[in-house]
Amino acid sequence: KNASLIPSSQSNVLVIAHRGASGYAPEHTLPSYNLAKKMKADYLEVDLQRTKDNKLVIIHDETLDRTTTGTGRVKDHTLAEIKNLDAGSWFNNMYPKLADREFAKQKILTLDEILSYYGNGVKYYIETKAPEVYPGMEKELLAMLKAHLLLDKKSLQKRQVIIQSFSADSLKKIHKMNPDIPLVQLLWYTGKGKGQISKKQMNIYDDYAFAVGPNIEKIDAAYVKKVRGHGLAVHPYTLNDPNAIQKTLNWGVDGMFTNYPDRLHDAVFKR
Ligand code: G3P
Ligand code: CA
């Protein structure tokens, strides 16, 4: 499973559009994803929550307050209620220079909608968010991917879908259901000093994941070398500044999450 771990070069550093091209358009909306596709992102990043009536929807927070005109928890609202909300005006208010009337018309997308809209015309990098709040979400996610023909042999070979989570339990559940789906263990290092990763931890991740996704602020060149040396890929989040992107490319990472897919794409292909 580590066949992809050849040294990073321009053609194999993945441009992962974090919540779409969310530096330019409201995160997780169609304009954000369309722009990411136009900017030649390798993957569209999708954060999943679940509604009261058990529909998987694409939104980062467990609550509606920050990115919609609604309030309260996603899990306490039906999809019909959620579809009434405006998921773009917040962006226009926060970033007047980037405002666009179209943004105010955007609705929260369901997983089903985005998979129907792009089909196999894009690749998806999907996160099970708060899986402890949504028991069974993994099974529902896999069923939806299967219904959209994204788990067939060809799709798996092409890594059409990558699944990521901070929850090892969630990833292990998915791995048990389908060991061929490429998985990424997200990591969140806090506190003083750089994040540490032991051989023991890497052996555990290696059992189900092909990569780790650490927060960029807490890693360095030595971390990347150690993890890649073990045979795991490294996809840090979230890189937006061109100088930071360049520095991180030089460490030999295998991909990066960015709100500006154009910047990462430029940096990768100018090398
Ligand atoms: O999924 C990678 C990165 O997006 C994790 O952070 O909070 O933006 O989902 P978050
Ligand atoms: Ca995410």
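**Reading a predicted fold, starting at proline 26**

Analyst: Proline 26 is in contact with Ser32, Thr67, Ala87, Gly88, Trp90, Phe91, Phe103 and Gln106, leaving aside its neighbours within four places in sequence. The model is a predicted one, and that should be kept in mind throughout.

User: Where is the place of proline 26, and does it count as buried or exposed?

Analyst: Burial is read from a count of surrounding C-beta atoms, and 20 or more within 10 Å make a residue buried. Proline 26 counts as buried because it has 28 C-beta neighbours inside 10 Å. Its place is in the loop between β1 and α1.

User: What separation in space do the C-alpha atoms of proline 26 and phenylalanine 91 have?

Analyst: Their C-alpha atoms are separated by 5.5 Å, although the two residues are 65 residues apart along the chain. Phenylalanine 91 is also one of the contacts of proline 26.

User: How should confidence be read, and what is the mean pLDDT of the protein?

Analyst: One begins with the overall values and then turns to the exceptions. The mean pLDDT is 95, and 96% of the residues reach 70 or more. For the complex, the predictor gives an ipTM of 0.98 and a pTM of 0.95. Over residues 1-10, however, pLDDT stays under 50, and the model has 15 contacts beyond four places in sequence for that segment.

User: Which residues have a positive phi in the loop between β1 and α1?

Analyst: Most residues other than glycine have a negative phi, and most peptide bonds are trans. Arginine 19 has a positive phi, near 65°, and lies in the loop between β1 and α1. Histidine 28 is found in that loop too, with a positive phi of about 65°. Arginine 19 is buried, since 25 other C-beta atoms lie within 10 Å; histidine 28 is buried as well, with 24. Just after α1, lysine 40 takes a positive phi of about 65°.

User: Which residues does a cis peptide bond join?

Analyst: The cis bond joins tyrosine 237 and threonine 238, with omega about -15°. Threonine 238 has its place in the loop between β8 (233-234) and α10 (242-250). Tyrosine 237 is one of the residues around ligand 1.

User: Which residues are around ligand 1, and what classes does the shell have?

Analyst: The shell consists of His18, Asp47, His60, Glu127, Gln164, Leu186, Gly213, Tyr237 and Phe257. By class, it has three nonpolar, four polar and two charged residues.

User: Gln164 belongs to β5; why is strand β5 largely enclosed by the rest of the structure?

Analyst: A strand is read from its two faces and from its partners. Strand β5 (residues 161-165) is largely enclosed because five of its five residues are buried. Val161, Ile163 and Ser165 lie on one side, with Ile162 and Gln164 on the other, so that both faces are covered.

User: How many bridges join β5 to β4 and to β6?

Analyst: Strand β4 (residues 124-128) runs parallel to β5 and is joined to it by four bridges; tyrosine 125 has isoleucine 162 as its bridge partner in β5. Three bridges join β5 to β6 (residues 183-187), again in parallel, and glutamine 164 has valine 184 as its partner in β6. Together with helix α7 (residues 168-177), β5 and β6 make a right-handed β-α-β unit.

User: What follows in β6 and β7, and how many bridges join them?

Analyst: Strand β6 is mostly covered, with four of its five residues buried. Four bridges join β6 to β7, and the two run parallel. In β7, proline 214 is the bridge partner of leucine 187. From β6 the chain crosses through α8 to β7, and this β-α-β crossover is right-handed.

User: Which residues does tyrosine 208 touch?

Analyst: Tyrosine 208 lies in the loop between α8 (199-206) and β7 (211-214). Not counting residues up to four places away in sequence, it touches Leu171, Lys172, His175 and Leu183. It counts as partly exposed because it has 17 C-beta neighbours inside 10 Å.

User: Which residues of helix α1 are buried, and what covers them?

Analyst: In α1 (residues 30-38), Leu30, Ser32, Tyr33, Leu35 and Ala36 are buried. Their cover includes β1 (14-17), β2 (43-50), α4 (111-118) and α11 (261-270). Ser32 brings the reading back to its start, as it is among the contacts of proline 26.

Methods:
Residues numbered from 1 in each chain as written. Chains lettered and ligands numbered in written order. Predicted model: local features only at pLDDT ≥ 70, side-chain atom pairs only at ≥ 80, totals over all residues. Near = placed C-beta within 6 Å. Nonpolar A, V, L, I, M, F, W, Y, C, P; charged D, E, K, R; others polar. pLDDT = per-residue confidence, 0-100. Contact = placed C-beta atoms within 7 Å. Buried ≥ 20, exposed ≤ 12 C-beta atoms within 10 Å, placed from the backbone. Pairing = 2+ DSSP bridges. Right-handed = clockwise from strand over helix to strand, strands pointing away.
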